Amino acid sequence: MTGQEYRRIVVKIGSSTLTDNSGQVDRGFIYRLGKQINDIRHELGAEVLIVTSGAIAAGLEALGFGADRPTDMPSLQAAAAVGQLRLSQVYAEAFSEWGLQLGQILLTRFDTENRNSYLHARDTLERLLECGIIPLINENDSVAVDEIRFGDNDTLAAHVAVLVKADLVILLSDIDGLYSADPRRDEDAVLIESIGSFTREIVEAAGAAGTSRGSGGMVTKLEAARICMAAGIQMVICEGSRPNVVIDVARGESLGTRFSTEITKSHSARKLWLALSGQVLGSIYIDAGAEKALREKGGSLLPVGIQRVEGEFAAGAAVDIRSLDGMIIGRGLVSFGASELSQVAGKSSDSIRSDVDLPSAAQVAIHRDQLVIFY
């Protein structure tokens with residue numbers, strides 16, 4: 001896909017990109033970002049949505065905390081409440097120079113887990129785009145608690161991209177992509193320019209990169225990439241401080257690390273919502289035969305292929321599906337809770353019906369209509 005073919009682009013700005021070395025919001029960066037988005041809209045004809053971090057940083061700046069960042073939740077949420085308003089004003093003022101209007105959307109995981117809220121959020125974003133308004137999206141940090149938090153805006157950007165059926169997600173970071181090792185520690189590390197599938201080497205290369213000003217790292221960016229690739233959406237990680245980086249990526253230039261699969265078949269919107277919107281509460285480890293069946297035949301996950309169950313969860317919870325060596329293969333909604341699933345793990349359907357005393361015997365652990373396979 002070339003830059004001219006992108007219809008919708010989600011741009012995510014991390015805190016480390018949005019703030020300067022003193023932790024204050026970099027207004028010059030936002031001004032330059034506005035120009036790039038204006039160019040994308042006029043030159044490429046693409047719609048743009050922004051997922052922005054920085055509310056807490058902006059609030060701490062306004063409240064005079066300086067370098068002494070508080071750690072208690074009430075102070076951080078108070079900072080977010082002040083910062084959301086302050087940050088949106090900075091964006092609005094900077095973007096007005098280019099005649100661009102913004103509409104603010106604050107989300108929590110509850111808004112994506114609940115089907116009605118999910119559809120309402122989608123409809124609101126669609127209408128904003130129809131009106132020529134750029135959605136400015138952030139997690140609602142002023143009220144979110146652990147149970148309903150995305151935890152990082154990389155994941156939020158991926159969910160927003162799925163929600164509006166975007167073609168491209170651009171993650172602006174403090175590093176210019178995924179390296180074979182941490183380039184700050186290993187001088188032999190090389191940039192991985194293109195990734196079409198997840199291998200153990202790719203996952204291990206992600207490590208735990210990040211800065212004190214952000215909540216994410218390369219691990220969360222890989223999670224975002226899994227979601228995007230399952231939906232057939234390209235994703236690029238690139239250095240946010242590079243001049244004109246957003247417009248250059250949108251034009252199709254080779255920058256940073258691009259995640260893109262050659263598999264053209266993507267899951268339905270409802271299936272993606274079912275499998276990916278919930279908070280992951282556990283893991284199911286399956287054998288090689290089950291993995292092959294899931295990847296090649298697209299069937300349901302049967303109990304006979306399950307070797308181990310981790311976590312405490314009830315029926316209907318979202319869980320990761322992993323190979324025996326721990327690699328994430330997919331994600332889905334389980335038919336049974338953890339304790340019942342452990343009882344039927346490794347058993348055939350006939351054995352379950354005759355030997356396991358359950359209210360209703362499990363024929364499938366995760367139905368194919370509620371399961372997404374990662375590439």
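**Helix α6 and the adjoining sheet**

In this predicted model, helix α6 comprises the 16 residues 115-130, which at 1.5 Å a residue should span 22 Å, and the separation of its end C-alpha atoms, 22 Å, agrees with that expectation. Viewed down the axis of α6, the buried residues fall within an arc of 110 degrees and therefore line one face of the helix; these residues are S117, Y118, A121, L125, L128 and L129. Such spacing can be read against the geometry of an α-helix, which has 3.6 residues a turn, so that residues three or four places apart point the same way. On the other side of α6, the residues N116, H120, R127 and E130 are exposed.

The N-terminal end of α6 is capped by N114, a side-chain oxygen of which lies 3.1 Å from the backbone nitrogen of N116, a residue that is itself exposed. After the helix comes G132, which has a positive phi, near 80 degrees.

The helix lies across four strands, β1 (8-13), β2 (47-52), β3 and β4, and runs at about 170 degrees to β3. These strands belong to an open sheet of eight strands with mixed pairing, ordered β3-β4-β2-β1-β5-β7-β8-β6. Because β3 (102-107) and β6 (194-195) stand at the edges and have a single partner strand each, one side of each is left without a neighbour in the sheet. The pairing of β3 with β4 (residues 134-139) is parallel and extends over six bridges, and within this pair I105 stands opposite I137 in β4.

Definitions and conventions. Residues numbered from 1 in each chain as written. Predicted model: local features only at pLDDT ≥ 70, side-chain atom pairs only at ≥ 80, totals over all residues. Heavy atoms only, no water. Helix = DSSP H or I, 4+ residues; strand = E, 2+ residues; numbered from the N terminus. Expected span 1.5 Å × (residues − 1). Buried < 20%, exposed > 50% of the residue type's maximum accessible area, 1.4 Å probe, protein only. Arc of directions from axis to C-beta. Polar contact = N/O pair within 3.5 Å; in protein donor to acceptor, adjacent residues only side chain to side chain. Pairing = 2+ DSSP bridges. Contact = heavy atoms within 4.5 Å. Axes fitted to C-alpha atoms, helices over the stretch in contact; angles between N-to-C directions.
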